[in-house]
Amino acid sequence: MAASGWGVGVIVIDPANQNGPSEQIRAQIAALIYSGALAEDTKLPTVRQLAGDLRVATGTVARAYKELEAAGMVRTGRANGTKVNAGQTLESPLLAEVRDLTLDAQRAGLGLEELQKMVEAAWNSSISQ
Amino acid sequence: MSNLILIVALLGFAVVLLVLLRIGLLPHRRISVIDAMPVKEADRGLAERILRALRARNLSALILGVIGVVAAVLIHQAFITSGGLGLVAAPAGIWVLVVLVLLCWPIPFEASERQRGEKGPASASLVPRTTRMFGPAWGLVVPIVLFSVALVGILGAGVLSSVDDRGRYRQIDYQTVTSSVVDGNMIVTDNLVGQASAGPFPGWYYTVPVVVLLVAGLGLTLFALFGNARRPSLRNPGLAEFDHVVRTHNGYVLSSGFSAFLCLQMVPLLSMAATVVYTMASNHIYTVGQKMDDGSTGGVVYDPWQVAFAWSLGGLAVLLLIVGILLLGYLVAWVAVAYGAGSKKWQRRVGASA
């Protein structure tokens with residue numbers, strides 16, 4: 001499995017998700033960069049490869065890459081492709097807490113979707129307060 | 001007689017290839033496509049579709065390769081005055097046909113309309129795919145180096161070639177002793193150097209079609225290798241390993257195939273060059289002072305450098321023939337993997353039925 005490179009970082013586009021494909025791509029790559037799963041100088045796949053794999057238009061992936069570049073998370077060179085910028089990993093206890101939360105949820109037998117809904121509900125209630 | 005020799009040579013070639021495959025001389029580090037088949041029933045539909053396509057395109061390419069060999073022999077017989085051009089250019093021509101089949105018959109990456117149903121989530125790895133990830137480490141380097149060396153040799157031979165009596169660039173002119181001067185008592189007093197020619201030499205007549213076919217073969221092979229890496233991955237992450245094995249399989253087939261046919265292409269050209277250089281190296285010379293009686297011939301003198309060069313070219317031809325056969329065996333063995341050869345599961349099945 002490692003030979004195919006799927007262990008490093010996988011993103012999923014869900015047609016049922018209310019966010020558009022471009023936002024889903026941007027958010028997932030950003031999350032992988034923040035968590036350190038995509039380290040500094042890691043080369044991202046070409047727009048064409050990612051678009052083909054995710055069955056979306058190349059413009060959709062290009063838009064996501066542009067937004068990541070505008071946020072200073074990645075840089076795009078003419079010959080070098082798109083690479084992750086330095087200093088993007090979240091150096092905060094938050095990351096460790098997220099990992100703990102994930103482990104707790106798995107131990108409790110919760111699925112990713114259920115955990116996401118719980119986080120979403122907590123987020124919404126904190127905004128309303 | 002020449003046809004008989006040709007048929008015997010082709011049969012010998014096939015027998016050597018079969019023996020190589022049977023005795024297991026070729027390394028067995030091939031990844032079995034069958035073993036990589038997903039276990040989950042839900043994932044098997046697409047995997048089986050891919051396997052069917054892989055088998056069909058490989059088998060079609062092999063059949064077309066065999067048809068190409070037969071066609072080359074028939075063309076040679078039909079155009080016997082062509083100086084064996086059809087046979088000389090056959091390896092490169094056959095590979096162009098084979099790689100065209102592989103290119104025109106893409107490996108599917110999506111389930112059929114019937115199997116697909118509703119479009120589900122699609123996943124993608126964030127690892128950039130390159131041609132080097134799928135296939136042998138020498139997959140790009142060896143074919144390109146072999147091609148470059150072959151091209152330099154072919155162009156060099158083309159520049160040295162000269163026209164024969166039919167206006168074809170398929171011989172080489174060289175300086176040699178062409179006549180001797182004798183005095184009134186028929187004693188040789190001097191040897192005169194003149195121009196002679198020898199052939200068939202791999203001149204432009206042979207090399208232009210070969211170069212065109214080799215360039216086409218290289219271009220198509222590289223296009224197919226890049227396409228192998230570019231092909232979208234399978235929608236389901238559960239099929240990632242199978243997808244990787246299929247790409248690796250395809251990479252090996254393309255790289256070993258082109259390298260094999262490139263080696264085999266150089267064999268007739270090098271053999272022709274070696275024979276001609278050996279002819280150039282020998283010279284019938286009368287020794288100065290020798291009495292030239294009726295019917296007497298001069299002694300045969302060999303140029304040691306040219307003889308060494310001829311043997312080197314001949315040795316290189318034999319070496320490339322061996323490497324070509326080994327690579328062809330490697331290619332056939334890789335193709336056979338898609339049919340279950342080398343698979344542990346398949347061997348268990350065969351063992352159970354025996």
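How many helices and how many strands are there in chain A? Before you count them, keep in mind that the structure open in your viewer is a predicted model. When you select chain A and show it as a cartoon, you should find 5 helices and 3 strands, and if you follow the chain along its sequence they come in the pattern β-α-α-α-β-β-α-α.

**Stop 1: chain A as a whole**

Keep chain A selected and turn it slowly, so that you can take in its overall extent. Its C-alpha atoms fill a box of roughly 45 × 35 × 30 Å along the principal axes, and of its 129 residues, 28% are buried. Now colour residues 2–84 as domain 1 and residues 93–127 as domain 2, which is how chain A is divided; the C-alpha centres of these two domains of chain A lie 23 Å apart. If you look at contacts in chain A between residues at least 6 apart in sequence, 50% of them join residues at least 24 apart.

**Stop 2: helix α2 of chain A**

Next, select residues 47–54 of chain A, which form helix α2, and show the side chains of Q49(A), L50(A), A51(A), D53(A) and L54(A), the residues of this helix that are buried. What covers them? The cover of the buried residues of α2(A) includes β1 (10–13), α1 (21–35) and α3 (58–70) of chain A, and β1 (122–125) of chain B is also part of it.

Leave α2(A) in view and add α3(A), to see how the two helices meet. They pack at an angle of about 120°, and their axes are 8 Å apart; α2(A) and α3(A) are therefore oblique to each other. The crossing in which α2(A) passes α3(A) is right-handed. On the α2(A) side, the contact is made by V47(A), R48(A), L50(A) and A51(A), while α3(A) brings T58(A), V61(A), A62(A) and Y65(A). Sorted by class, the residues of this contact between α2(A) and α3(A) are 6 nonpolar, 1 polar and 1 charged.

**Stop 3: two backbone angles in chain A**

Most residues other than glycine have a negative phi, and the next two residues to select go against that pattern. Just after α2(A), R55(A) takes a positive phi of about 55°. Then move back along the chain to D41(A), in the loop between α1 and α2 of chain A, where phi is near 70°, again a positive value in a residue other than glycine. D41(A) has a relative accessible area of 40%, and so it is partly exposed.

**Stop 4: chain B and a pair of helices**

Now select chain B, in which there are 10 helices and 6 strands, and in which 45% of the 354 residues are buried. Of the contacts in chain B with a separation of 6 or more, 78% are between residues 24 or more positions apart.

Within chain B, pick out helix α6 (residues 141–160) and helix α7 (residues 204–230), which pack at an angle of about 160° with their axes 10 Å apart. That angle makes α6(B) roughly antiparallel to α7(B), and the crossing in which α6(B) passes α7(B) is left-handed. Among the residues that make the contact are I144(B), F147(B) and L151(B) of α6(B), and L214(B), V215(B) and L218(B) of α7(B). By class, this contact of α6(B) with α7(B) has 13 nonpolar, 2 polar and no charged residues.

**Stop 5: F147(B)**

Stay on helix α6 of chain B, where F147(B) is placed, and show its side chain. Is F147(B) buried or exposed? At 9% relative accessibility, F147(B) counts as buried. Apart from neighbours within four places in sequence, F147(B) is in contact with L214(B), V215(B), L218(B) and L262(B).

**Stop 6: two loops of chain B**

From F147(B), zoom out and find M186(B), which is 39 residues away in sequence and 55 Å away in space, C-alpha to C-alpha. M186(B) is in the loop between β3 (169–182) and β4 of chain B, and its phi is near 60°, a positive value in a residue other than glycine. At 35% relative accessibility, M186(B) counts as partly exposed.

For the last selection, go to P200(B), in the loop between β4 (188–198) and α7 of chain B. Most peptide bonds are trans, but the one from G199(B) to P200(B) is cis, with omega near 0°.

Key:
Residues are numbered from 1 along each chain as its sequence is written. Chains are lettered from A and ligands numbered from 1 in the order in which they are written. This is a predicted model: local features need pLDDT of at least 70, side-chain atom pairs count only at pLDDT 80 or more; totals for chains, interfaces and linings use all residues. Side-chain values use heavy atoms; hydrogens and water are left out. Domain bounds come from an automatic or database domain assignment. Axes are lines fitted to C-alpha atoms, for helices over the stretch in contact, and angles run from 0 to 180 degrees between N-to-C directions. Helices (H or I, at least four residues) and strands (E, at least two) are DSSP runs, numbered from the N terminus. Angles under 35 degrees count as roughly parallel, over 145 as roughly antiparallel, 65 to 115 as roughly perpendicular and the rest as oblique. A crossing is left-handed if the near helix is turned anticlockwise from the far one by less than a right angle, and right-handed if clockwise. Contact means heavy atoms within 4.5 Å. Ala, Val, Leu, Ile, Met, Phe, Trp, Tyr, Cys and Pro count as nonpolar, Asp, Glu, Lys and Arg as charged, and the others, Gly among them, as polar. Buried means under 20% relative accessible area, exposed over 50%, partly exposed in between (1.4 Å probe, protein chains only).
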